[in-house]
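Here is a walk through the model, going from the pair of chains down to a few single residues. Have the structure open as you read.

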2 protein chains.
Amino acid sequence: MKRPLVFSLDLELPEPTEDDKRADLERVADALGADSLVPTISALRTLPDILRKKGFRISPVFSVHYGSTRLIETNTGSCFALAVDIGTTNIVFELVNMKDPGPSLRLQFKNPQIKYGEDLLSRIQHCMQGGLKELRDSIIAGLNEEIKRAARQAGITTKEIYAAVFSANTVMSHLLLGLDVSHIPVSPYIPVVSRALFFTTSEVELDIHPDATVYVFPNAGSYVGGDIISGILATGLHRKESPQVLIDVGTNAEIVIGTKDWILVGAGAAGPALEGGILASGTVAKEGAIYRIDIEGSGVVKYKTIGDSSPLGICGSGVIDLVAELYRVGFIDQRGRFTDSAPTVEIDGEKTFVVAKNDKAVIGINEREIENFLRSKAAMFTSLYVLTQSLGISFRDIEKFYIAGALGSGVQLKNAQLLGMLPRLPEDRFQPIGNSSLTGAGMLLRDASLLDEIEHIHSIITYREMNTDNEFMKEFPSARFIPHTNPERLG
Amino acid sequence: MKRPLVFSLDLELPEPTEDDKRADLERVADALGADSLVPTISALRTLPDILRKKGFRISPVFSVHYGSTRLIETNTGSCFALAVDIGTTNIVFELVNMKDPGPSLRLQFKNPQIKYGEDLLSRIQHCMQGGLKELRDSIIAGLNEEIKRAARQAGITTKEIYAAVFSANTVMSHLLLGLDVSHIPVSPYIPVVSRALFFTTSEVELDIHPDATVYVFPNAGSYVGGDIISGILATGLHRKESPQVLIDVGTNAEIVIGTKDWILVGAGAAGPALEGGILASGTVAKEGAIYRIDIEGSGVVKYKTIGDSSPLGICGSGVIDLVAELYRVGFIDQRGRFTDSAPTVEIDGEKTFVVAKNDKAVIGINEREIENFLRSKAAMFTSLYVLTQSLGISFRDIEKFYIAGALGSGVQLKNAQLLGMLPRLPEDRFQPIGNSSLTGAGMLLRDASLLDEIEHIHSIITYREMNTDNEFMKEFPSARFIPHTNPERLG
């Protein structure tokens with residue numbers, strides 16, 4: 001039987017008799033078939049009374065906590081849990097009704113730590129100046145507020161949430177737990193902990209059920225976080241015979257190649273994010289985001305926004321469309337410079353191609369932004385190329401490319417290929433998987449046996465630092481062109 | 001390697017290098033050789049700083065907690081632990097220096113719950129009237145006060161105590177944890193829990209290290225507590241091929257017969273305690289207690305007190321000497337009645353044989369008290385006889401008799417045999433083992449592998465209710481005589 005990380009069972013227990021003198025807890029444990037049932041003291045204190053008031057028919061909540069099953073609530077009508085992806089920029093979470101396999105409520109909010117620094121390094125520096133508690137308090141407060149909002153939307157109390165699974169990069173995981181991150185950015189880049197951790201709510205100070213289980217994904221070092229491991233889990237590449245690739249582009253781009261026997265991660269590739277970081281007009285994929293752009297030869301721009309709302313900004317897939325279309329119609333050259341035919345306007349002293357306007361601002365892109373984008377795509381592609389080469393295989397040997405993160409939703413493959421972001425392989429080799437980090441966290445909530453798969457992934461993963469890699473350095477400059485100065489590299 | 005339940009190790013860890021990027025915790029786990037190392041959040045928060053301040057030479061404290069090893073303190077110079085035997089009347093505990101195999105500090109104090117009722121039943125009744133929290137609070141407060149006293153005597157702080165093992169009867173264990181005892185005295189006599197439990201300090205509210213491990217022995221039902229299981233552990237009878245007996249006389253008398261394959265406990269035998277309960281002049285074995293008594297034919301009494309102090313009262317072994325000597329010199333008959341030759345005085349309307357006097361009172365015994373004593377010894381002997389008979393074996397088949405509790409210290413075997421308390425077998429068959437419940441708890445502190453032995457004992461133990469046993473009822477009356485109306489029963 002597939003057992004979730006947290007679950008409620010409707011138990012009808014036999015009542016005690018002269019021939020059946022099992023203790024109350026043993027009765028529950030036997031019904032569950034769990035040798036290793038570990039009760040919380042609160043559950044033990046309420047159990048005898050509830051059992052007898054309910055005629056030995058109760059619906060307790062159990063959670064998996066390391067190797068044990070815990071009894072965390074003796075009787076309840078509901079059972080909710082959280083899957084949380086903590087990004088450096090955005091936090092996305094799902095409130096999962098563990099009793100209903102239907103779609104879950106999903107919420108997203110800005111990581112409140114942003115006020116102490118946009119990127120990881122500036123937050124680490126803040127910690128080194130005594131700001132660790134401040135950073136931790138801010139994310140916990142943000143989480144608690146948003147969890148409360150989600151619970152309200154779902155019509156439940158936060159005490160009905162019995163588990164939370166956190167997937168995040170190594171720094172974000174550390175800050176969530178209040179762990180020292182000051183050794184992470186300094187050679188040899190040592191985190192406090194790598195293994196998967198379980199905590200109780202009170203240790204993490206989340207406002208959910210006081211005995212809820214909190215799980216934090218393991219990391220594979222300072223540069224390969226739990227979000228990558230969770231993403232790998234979501235793709236299932238760790239169960240495959242032939243090589244698969246996961247490309248995850250968030251605030252950083254990460255490339256994973258692996259099979260059931262080995263997993264290699266290229267991490268730390270330079271380049272700003274596709275989302276937010278590149279364009280002044282950038283936005284995450286939310287209502288009003290421009291996600292699809294066509295440019296006619298005349299320079300007329302057609303675009304689509306999420307929810308058909310008035311345009312707010314351009315999200316990742318929109319940026320790829322935009323640069324690809326600019327190149328296709330000849331408004332930019334191979335280096336990303338505007339050609340003479342490009343209908344640009346000058347904004348803040350920069351030649352800018354305008355996509356749309358709203359009440360507040362002009363939504364567009366300038367040369368510096370295009371250059372940033374091309375640096376990002378170059379870093380991503382070069383990582384992919386160098387890793388694949390280092391394994392002695394070619395792109396054609398890779399069975400499947402899973403495209404996650406900002407790239408993972410709504411990107412037009414033909415445009416990404418046109419720009420030289422992705423290899424030139426048939427469309428069926430590519431599979432967009434959205435937020436794979438969040439997906440992996442949600443999968444674990446629904447199937448505790450994945451804990452073993454996570455350990456397996458954790459045990460076979462290795463990583464290759466790209467920032468200081470000679471091959472990477474050699475290949476990177478050619479990849480900054482559209483599509484590449486050595487197009488044979490594209491497969 | 002024998003690993004204690006809690007231990008401190010002096011670790012010299014390799015410092016991180018470019019070729020050794022293990023996380024701080026993984027470094028500790030690898031040195032320990034513990035796959036399942038579970039850190040507390042406090043330990044994780046202090047670990048990176050301590051490691052670097054101490055040049056990667058630290059002395060952390062680890063505890064065994066269910067199947068895992070926990071890291072509960074990152075660096076310490078000392079490691080203490082508590083073994084506690086909670087009796088209905090007395091609480092005895094040892095403060096064990098886990099770094100020093102020498103003798104431990106031992107303290108004893110009255111169970112503060114006594115003010116809510118002398119015996120188990122009256123305390124349970126107090127609970128049923130809403131007094132559970134009061135009973136729990138009183139024992140926790142008492143423990144915390146005495147632990148503080150012990151720490152002071154040992155010259156340590158209570159935060160240097162990293163584990164506590166509790167051995168107690170089922171009601172006492174429940175009250176320690178604040179668990180409902182109201183179903184224990186009512187058929188079919190169901191406790192809340194039987195299995196062994198681990199808690200953290202904060203759950204049990206002990207004033208020791210905040211992440212200390214608290215272990216409570218399992219029970220085998222309402223009438224066979226963790227103290228019996230701990231006592232069995234202390235004797236090692238669960239590892240033997242041939243039958244062994246454990247006789248434990250505390251507030252109640254319990255008889256255990258067993259081998260490595262089966263263990264039978266006779267529980268609930270009627271009769272007041274040897275200690276305290278029987279004599280107005282009774283006392284526990286402490287300074288001033290009369291533990292040895294000789295009576296000359298002339299009626300002159302010679303006695304010895306513990307510490308050669310002035311007499312305070314008579315302890316268990318003294319009572320046995322006294323009744324045996326009264327019988328030997330002909331001052332009482334087979335039924336325990338004073339003969340005409342007995343030099344008695346009248347006190348409070350009762351014929352009393354005086355042993356000693358002190359400033360406050362006369363120390364002696366009257367007929368009613370002798371009768372109570374004989375009822376106790378009859379209950380104990382009859383349980384032993386009936387259990388042995390039910391197994392189809394005789395006393396001679398029993399390899400060893402372990403004598404624990406009030407009987408276990410300083411009893412003269414010849415006198416106990418003269419009275420018909422114990423079978424007439426050679427002296428080498430009997431082995432006094434003092435407070436076996438406390439001994440078992442202390443053994444577990446020093447060797448965590450005994451957790452498996454405890455599970456083994458727990459899994460093979462069965463019990464036989466004596467109060468309602470027909471054989472017991474039939475045999476009991478004859479055993480109330482000295483030594484017995486059927487002396488062949490004595491073996």
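What rotation and shift superpose chain A on chain B? A turn of 180° does it, with 0.0 Å of shift along the axis and an RMSD of 0.1 Å; the fit is by least squares on the C-alpha atoms of residues with pLDDT of at least 70 in both copies. That is the relation of a two-fold axis. In chain A, G67(A) has the C-alpha nearest the axis, 4.0 Å from it. Both copies use the same surface, with 100% of the contact residues of chain A recurring in chain B. Contact here means heavy atoms within 4.5 Å.

A few ground rules before going on. This is a predicted model, so local features need pLDDT of at least 70 and side-chain atom pairs count only at pLDDT 80 or more, while totals for chains, interfaces and linings use all residues. Residues are numbered from 1 along each chain as its sequence is written, chains are lettered from A and ligands numbered from 1 in the order in which they are written, and side-chain values use heavy atoms, with hydrogens and water left out.

Now for chain A as a whole. Chain A holds twelve helices and 24 strands, taken as DSSP runs (H or I, at least four residues, for helices; E, at least two, for strands) numbered from the N terminus. Its radius of gyration is 25 Å, which agrees with the value near 23 Å for a compact globule of 491 residues; the radius is taken over C-alpha atoms, and the globule rule is 2.2 Å times the number of residues to the power 0.38. Along the principal axes, the C-alpha atoms of chain A fill a box of roughly 95 × 55 × 45 Å. Of the contacts in chain A between residues at least 6 apart in sequence, 66% join residues at least 24 apart. Buried residues make up 58% of the 491 in chain A, where buried means under 20% relative accessible area, exposed over 50%, and partly exposed in between (1.4 Å probe, protein chains only).

Three single residues are worth a look, and the table lines them up.

| Residue | Place | Relative accessibility |
|---|---|---|
| I347(B) | strand β19 (residues 345-347) | 27%, partly exposed |
| S437(B) | helix α10 (residues 436-446) | 3%, buried |
| N111(A) | loop between β9 (105-110) and α3 (120-154) | 1%, buried |

Leaving out residues up to four places away in sequence, I347(B) touches T352(B), V354(B) and V362(B). I347(B) also sits 9.7 Å from G364(B), C-alpha to C-alpha, with their positions 17 residues apart in sequence. On the same terms, S437(B) touches D85(B), S167(B), D227(B), S230(B) and G231(B). The C-alpha atoms of S437(B) and S394(B), 43 residues apart along the chain, are 27 Å apart. As for N111(A), its partners beyond four places in sequence include I86(A), T89(A), R123(A), I139(A) and M172(A).

One helix rounds things off: is α1 of chain B mostly covered or mostly uncovered? Helix α1 (residues 24-32) is mostly covered, with seven of its nine residues buried. Among them are D24(B), E26(B) and R27(B), along with L25(B) and L32(B). After α1(B) comes G33(B), with a positive phi near 70°.
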